[in-house]
Amino acid sequence: MSSHNTTIDWVLVFTYLLLVTIGWLAIYTADFNELHPEIYYLGSSYGRQLLWIGIALLLGFCIQILDTRFYTAFSYIIYAAALVFLVVVLIVGSTISGSKSWIKLGFFNAQPAEVAKFATSLALARYISSLGNIFYSLRERLIAIGILLIPIILIRLEEETGSALVFGSLAFVLYREGILPGGVLLMGVLAIILFITSLLLPFYYIMASVAILLLLILLMRGKSGIWEKLLTYLPVVVAVITASLYLNDVALLIILPILFLIALLFALYTQKATYTLLALFLASFIYVKGVDFIYNNVLERHQQNRIGVVLGTIEDNKGAGYNVNQSKIAIGSGGLTGKGYLQGTQNKGNFVPELSTDFIFCTIGEEFGFAGSAALIGLFVFFLLRIILLAERQKSRFTRIYAYCVACIIFFHFTINIGMTIGLMPVIGIPLPFISYGGSGLLGFSILFFILIKLDSERYMYLR
Amino acid sequence: MEPIKPEKIILQVVVVLTALLLLVRLFSMQVLDTSYQTMAKDNIIREVTVYPSRGLVFDRGNNLIVNNLAVYDLMVIPRQVQNLDTTKFCRLLNINRDEFYKNAARMEVAAGYSPYRPQVFMKQISADVYDRMQEYLYQFPGFFTQIRTIRQYNCHNAAHVLGYIGEVNQMQIDTSNYYRMGDYVGVSGIERSYEEQLRGERGTKLMIVDVHNREIGSYKNGEEDIEAIAGQDLHLTIDMELQAYAEELMQHKRGSIVAIEPSTGEILALVSAPSYDPNLLTGPLRGEGMRMLNADSLKPMFNRALMAFYPPGSTFKPLMGLVAMQETGIGSHYYFACNGAYRLGRRTVGCHYHASCYGIETAIQHSCNSYFCHLFKLFVENDKFGNVSEGLIKWKTYLNEFGLGNSFYLDLPALSGYVPSPERYDRMYGKKRWKAVSLISLGIGQGELGVTPVQLANMTAIIANKGTFYYPHVVRPNTKDPKHKYNQLHKVSIDAKHFSAIINGMEKVVLYGTGKTAYRAGLDICGKTGTAQNPHGEDHSLFIAFAPKNNPKIAVAVMVENGGKGKKYAAPIASLVIEKYLNDSIAPYRKALEARMMKANLISPRPRIYNEPAEEEEDLITTIYLPYTTTTTPLSIPEQIDSKTTQQVSTTEPAATGNEAPVQIKTDLKIPIPSTIKAQPLQPPPDGH
């Protein structure tokens with residue numbers, strides 16, 4: 001620790017502490033118990049969260065004490081242990097709110113999926129960094145993808161769809177490291193978007209969007225760099241966002257900027273691909289038709305319902321629909337500056353279910369208004385950009401890959417969670433990192449984070 | 001500069017764009033769109049209605065006669081009920097299991113039922129059941145009590161004046177912007193006509209509630225609450241002692257008594273017989289009481305004093321005399337030979353045997369039909385009107401001035417009676433094909449004339465006052481404002497000089513004439529008998545009177561259906577009412593008369609329900625009079641449910657009409673029976689008279 005090349009990134013650590021503090025304050029107001037206003041009361045969620053924060057900091061300290069090489073050397077073992085843990089939970093786990101992903105350990109319910117997050121990140125970093133070459137064989141690519149897929153499948157088997165999707169975000173890391181070609185990633189994103197939209201929107205609407213997208217790609221082709229392109233087409237993005245706000249069309253608000261982004265990326269890759277684009281258009285046509293056909297003719301009624309509820313095409317006011325509606329009311333009623341700390345009427349009335357966990361953002365939105373929400377989002381953006389910056393400054397591939405994994409996981413949680421509370425994303429029950437109540441989640445994210453801090457602190461060393 | 005590799009910056013771009021997207025969305029939700037604020041307010045604020053207490057009612061002597069009694073409705077939020085121990089619950093409520101399920105079933109089919117909202121499980125539980133319930137209520141999640149007020153009457157009389165209240169019907173909700181489902185509204189009597197003063201103004205309290213609809217505090221410390229305004233108290237002009245006495249005189253009879261103070265227009269007593277105890281129509285047994293009253297063939301709910309039309313008969317003659325003197329120019333000494341009958345063309349109106357009438361005084365004294373038929377002919381066929389139609393219109397105008405044929409003045413729901421207009425005879429006989437002879441019986445108060453007892457009393461008061469009057473009313477105006485409807489002195493267009501002859505005649509009626517039975521030494525009663533022929537049987541007995549002659553203090557109209565001659569029942573009853581009012585008591589020598597009047601039974605044998613075997617008459621009477629024997633307060637719910645009572649209730653009375661709570665009737669209740677309709681052993685009408 002006393003080594004001259006040990007430099008802890010205190011900015012990031014302070015940001016982490018700030019987020020955890022905000023989280024604790026939010027939990028305090030969400031579950032405020034007038035009979036027990038004292039913060040250490042262990043019968044309350046905020047009292048327990050305080051305990052978890054203490055444990056997390058202690059763990060963070062322990063992580064800093066361990067030698068960096070421990071994480072590289074033991075990454076496969078940790079990964080293997082996490083997988084065993086996931087299998088065990090499938091057999092002996094207890095079901096809490098619909099997913100069999102918990103192991104009861106006395107007063108603490110552990111969730112192996114949280115362990116799997118940093119374990120998979122470590123294993124992925126270890127494996128890819130061990131390849132040492134920019135050109136990968138198919139076998140190597142498949143193994144890398146496999147490392148990612150195994151926990152996804154296991155967690156999906158636990159009915160913990162949200163967490164499974166989190167691992168999907170790590171596909172970006174594969175792309176970043178060249179394992180997965182950008183085209184494949186983009187095709188994947190496009191496929192998901194088309195799948196969702198084909199069930200939500202009329203056929204001609206989708207195909208018109210695809211046509212616009214491809215046209216954009218054609219327009220954006222050229223020698224200029226990404227920034228020039230961004231600047232050139234930014235007015236289009238602004239116009240689209242304004243239009244969708246004006247029309248109050250959520251679908252437009254989400255889809256069009258994403259389409260723009262995809263167009264931008266395609267344009268960068270397909271310098272002379274008019275035919276490719278044409279093929280893409282045809283493929284989209286068939287794909288959208290196919291999804292429609294499968295949904296209407298192949299899927300059973302209850303499967304259709306399930307998808308419909310997630311997509312919001314089927315009214316479900318008692319379930320997810322109710323949550324989102326109440327969540328939107330709470331946040332929307334916050335106004336510019338909010339109702340004041342501990343003054344949130346919707347929070348106090350328990351109108352939003354799962355307030356201290358998945359819908360914790362409501363307390364901030366209601367009690368601190370747009371100013372507070374923007375501040376929190378700003379803090380998260382700073383946190384994520386700092387991690388990406390940190391990743392890009394590494395000499396060690398291991399650290400860089402790990403850092404990207406951390407960024408991807410936190411970013412995914414952040415986007416889905418906040419997007420869910422304001423009705424932009426389907427309700428996928430995943431927590432807001434460092435903010436939501438829950439010992440398992442907080443410890444998982446903290447370990448993920450502190451390993452990154454430890455790895456980064458020795459960025460002048462070469463790790464693999 | 002080397003272009004930056006996209007994979008190095010793409011995540012930054014995505015992060016920033018996503019954050020922008022979230023911010024834009026948040027900005028639009030939190031700052032631009034204000035509808036969420038409204039929705040949040042709707043979410044947390046519950047309007048709790050604060051019901052104002054209904055105005056109290058005092059009588060002429062400032063005694064409280066109608067007040068409010070707190071009762072408790074047992075409410076339930078069905079969704080919150082868990083692990084209900086029905087046995088214990090029923091024991092606490094003093095109901096059996098069947099009633100419990102009946103209540104639950106009734107609640108579920110009621111309009112606006114929702115398992116998430118409070119529903120009335122049982123209406124008006126008694127005070128001791130409430131006390132017991134409060135103690136154990138915590139064991140029954142979902143149940144709670146809600147306070148309501150009902151009317152309580154401290155008297156057993158004047159039901160027709162007081163009226164009753166009931167829940168608003170859908171039409172009232174639709175047409176008014178005040179009433180809401182479950183509100184109480186006056187249905188009849190002053191409860192109806194003074195509804196707006198009595199009801200007060202509802203208030204609202206804003207409470208903050210949580211997601212389970214539990215109140216967690218008041219909104220903004222009650223700044224936006226609206227206070228309930230209590231209803232105004234009413235002071236009746238009714239003298240309850242006189243009212244009770246008059247009702248007692250009218251027992252076992254159909255008819256009415258209306259007494260007015262001529263100097264103010266205040267109604268001192270207003271009796272419609274048969275009457276009922278107002279307490280029957282309040283409390284948990286209201287539904288049963290209502291059902292029984294409606295089923296009674298004597299129609300005790302029908303207000304005869306205000307709603308029933310009778311031919312005034314001879315009581316109309318003083319008025320006929322007045323208008324004739326005013327319009328035809330005859331003097332008070334106008335002579336017209338009676339000759340035992342009035343013959344005009346082919347028509348003959350008979351008259352009884354009496355001494356010759358040497359003027360209007362003696363004509364009234366003897367109630368000479370011929371004389372007043374002649375005056376009527378003189379009036380309507382007078383040359384100054386041109387034709388008989390115009391004459392009849394003029395005649396009608398005078399009657400209207402005296403309050404006959406209109407109800408504009410009264411503060412109770414009343415009908416206007418009927419005074420025929422020429423159109424009626426145009427229809428009957430054809431235009432211009434009728435003359436005075438065709439309608440000659442109008443002159444003696446028969447024919448197409450329909451007046452209500454209150455109109456007769458008012459007419460008497462006008463005569464007593466020699467032409468001036470105040471609109472009759474049962475509630476004292478709470479203002480001295482001379483513009484108030486009841487503070488304005490009105491005057492009929494009959495010269496004051498014409499009245500003395502009429503009044504003298506009315507005095508002679510009592511002293512030496514047809515109304516000698518109304519004589520009471522020292523009271524100076526002036527009156528006029530009436531015997532109204534009617535197609536339903538025995539003549540109606542009528543009497544109008546006022547006393548004393550100079551400075552009259554009371555004007556009375558008595559109407560006894562099928563009582564025969566006016567002197568037989570109506571005149572003595574009127575004199576007793578006047579004596580009671582003026583002297584506060586009945587002279588001992590008149591006690592026999594009083595007793596005879598009170599005992600006189602003109603409605604027996606009771607009209608029999610068709611196809612009812614005669615031997616069941618005893619049962620029939622018990623059934624009909626049962627509701628009158630129900631209690632006032634407290635409620636008659638037995639201490640313990642024993643199997644006997646339960647069985648009896650479930651077998652005999654399955655009724656529980658509408659939303660009313662189930663009713664238990666105990667046949668052995670010892671309750672004072674209202675005097676007016678007391679069931680008595682059948683007895684023949686007294687002999688003589």
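Biologist: In this predicted model, over the ring of which residue does the charged end of Arg199(B) sit?

Modeller: The charged end of Arg199(B) lies 3.8 Å from the centre of the ring beneath it. The charged end of Arg202(B) also sits over that ring, at 4.2 Å from its centre. The ring belongs to Tyr178(B).

Biologist: Are the planes of Phe379(B) and Phe385(B) stacked, tilted or edge-to-face?

Modeller: Over all chains, the count of aromatic pairs comes to 39. For Phe379(B) and Phe385(B), the ring centres are 5.5 Å apart and the planes stand at 40 degrees. Planes under 30 degrees apart would count as stacked and those over 60 as edge-to-face. The angle of 40 degrees therefore makes the pair tilted.

Biologist: Which strands of chain B stand at the edges of the open sheet S12-S11-S19-S18-S17?

Modeller: The five strands of this open sheet in chain B pair in the antiparallel sense. A strand with a single partner strand has one side left without a neighbour in the sheet, so it stands at an edge. The strands concerned are S12 (266–273) and S17 (526–532) of chain B.

Biologist: Which residue is the bridge partner of Gly527(B) in S18(B)?

Modeller: S17(B) pairs with strand S18 (residues 540–547) of chain B in the antiparallel sense, over seven bridges. In S18(B), the partner of Gly527(B) is Ala545(B).

Biologist: At about what angle does helix H10 of chain B run to S12(B)?

Modeller: Helix H10 (residues 240–249) of chain B lies across strand S11 (255–261), S12 and strand S19 (554–560) of chain B. Its angle to S12(B) is about 25 degrees.

Methods: Residues numbered from 1 in each chain as written. Chains lettered and ligands numbered in written order. Predicted model: local features only at pLDDT ≥ 70, side-chain atom pairs only at ≥ 80, totals over all residues. Heavy atoms only, no water. Phe/Tyr/Trp six-rings, centres within 6.5 Å; stacked < 30°, edge-to-face > 60°. Lys NZ or Arg CZ within 6 Å of the ring centre and 35° of its normal. Pairing = 2+ DSSP bridges. Helix = DSSP H or I, 4+ residues; strand = E, 2+ residues; numbered from the N terminus. Contact = heavy atoms within 4.5 Å. Axes fitted to C-alpha atoms, helices over the stretch in contact; angles between N-to-C directions.
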